[in-house]
Amino acid sequence: MTLFQAILIGFVAFGGLLVTESGCGLMLNRPIVLAPIVGFILGDLYEGLIMGAALELIFLGVVSIGGSTPSDSTMGSILGTAFAISMNQGVEIALALAVPIGLLMQMVQYLVYFIRATQMSKVEVYAEQGQFNKITRLHFGSILIFAIIYGFIAFASLQFGVELMRNLVDQIPQVILDGLDAASMMLPAVGFALLMNMLWDNRLCVLLFLGFILATYLNLPIIAIAGIALTIGVLLVVQDMSHNRKQPEISLPQGQDQAEEEFFNE
């Protein structure tokens with residue numbers, strides 16, 4: 001890997017962190033987006049696409065709930081893909097590296113959030129003084145500093161860690177590599193299972209079996225199945241909207257409505 005490629009990938013990590021922390025919600029920090037970019041920078045877009053799809057399936061059900069910080073899929077997908085392509089390895093190595101890298105970066109995020117929390121006293125002072133511009137600068141400045149550190153971590157890991165990682169992978173016995181290969185085929189199923197555990201609805205489970213039939217027995221390509229799913233989804237949304245319009249509004253008695261309003265205003 002050249003110095004220029006490591007710098008470019010560092011900028012990719014920098015941008016991915018900015019998207020994550022700024023709350024844009026554009027999903028540009030997902031593995032299916034970042035891994036192909038890394039593959040393109042390293043001259044192997046095809047492997048980047050394959051690794052991005054596999055990594056996306058793993059991190060598909062990983063979400064932040066409340067104050068918890070999930071495994072860092074951004075750095076995991078960037079470094080996992082970059083290391084695997086640089087070492088001429090396959091998806092199994094990318095998956096095996098992405099998960100522990102994501103967990104390590106999770107610890108780094110905890111440290112950064114702790115340091116940022118120590119600045120809340122300044123925010124309170126600025127709020128009392130009405131200096132809201134300083135609060136804005138403090139907020140986005142901390143995000144920018146974190147993004148710079150994040151990008152530097154990616155750059156340094158690739159610039160100085162590729163040979164070390166290659167030597168480590170070369171020392172792994174073949175039986176372990178075969179196990180990683182088998183695990184790489186299982187982890188996407190685990191990702192789907194995590195997602196389905198949150199979204200499962202007995203009324204819609206028939207659609208799961210429909211997709212299985214379309215893929216297994218009719219051998220339809222994934223694009224065709226996605227088109228059918230999109231069509232069904234649009235029809236269900238339109239049907240729900242039409243049903244909601246036809247539902248009559250239920251008006252509460254005046255006394256009950258006033259009592260509820262007083263309860264919530266207390």
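Helices, the elements named here with α, are DSSP runs of H or I that span at least four residues, numbered from the N terminus. The legends below describe a predicted model.

**Figure 1. Overall view of the chain, whose elements follow the pattern α-α-α-α-α-α-α-α-α-α-α along the sequence.** The chain holds eleven helices and zero strands. Of its 266 residues, 31% are buried, and the surface that the chain exposes amounts to about 17,000 Å², with carbon and sulfur atoms supplying 68% of that area. Among contacts in the chain with a separation of 6 or more, 74% are between residues 24 or more positions apart.

**Figure 2. Confidence of the prediction along the chain, by helix.** The pLDDT of the chain averages 81, and 86% of the residues reach a score of at least 70. Confidence is highest in helix α2, at a mean of 92, and lowest in helix α11, which covers residues 254–265 and has a mean of 54.

**Figure 3. The largest nonpolar core, with I9 and F83 as the residues that touch the most other members.** This core comprises 41 residues, and the elements that contribute two or more residues to the core are α1 (3–22), α2 (31–41), α3 (45–58), α4, α5 (91–117) and α7 (132–170). When residues up to four places away in sequence are set aside, F83 touches L97 and I101, and F83 also touches S157, L158, G161, V162 and M165.

**Figure 4. Close-up of S73 in helix α4, which runs over residues 73–86.** S73 has a relative accessibility of 10% and therefore counts as buried, since that value lies under the 20% cut-off for burial. Apart from neighbours within four places in sequence, the residues in contact with S73 are R30, P31 and F59.

**Figure 5. A nonpolar surface patch of about 580 Å², in which I213 takes part.** The patch is made by F212, I213, Y217, L218, L220 and I228. I213 has its place in helix α9, which covers residues 205–216. With a relative accessible area of 40%, I213 is classed as partly exposed, because residues between the 20% limit for buried and the 50% limit for exposed fall into that class.

Methods. Residues are numbered from 1 along each chain as its sequence is written. This is a predicted model: local features need pLDDT of at least 70, side-chain atom pairs count only at pLDDT 80 or more; totals for chains, interfaces and linings use all residues. Side-chain values use heavy atoms; hydrogens and water are left out. Buried means under 20% relative accessible area, exposed over 50%, partly exposed in between (1.4 Å probe, protein chains only). Contact means heavy atoms within 4.5 Å. A nonpolar core is a set of buried Ala, Val, Leu, Ile, Met, Phe, Trp, Tyr and Cys residues joined through side-chain atoms within 4.5 Å. Accessible areas come from the Shrake-Rupley method with a 1.4 Å probe; for residues, only the protein chains shown count as cover. pLDDT is the predictor's confidence in each residue, from 0 to 100. Patches are made of residues with over 30% relative accessible area and no salt bridge: like charges are joined within 9 Å, nonpolar side chains (Val, Leu, Ile, Met, Phe, Trp, Tyr) within 5 Å. A salt bridge is a side-chain nitrogen of Lys or Arg within 4 Å of a carboxyl oxygen of Asp or Glu.
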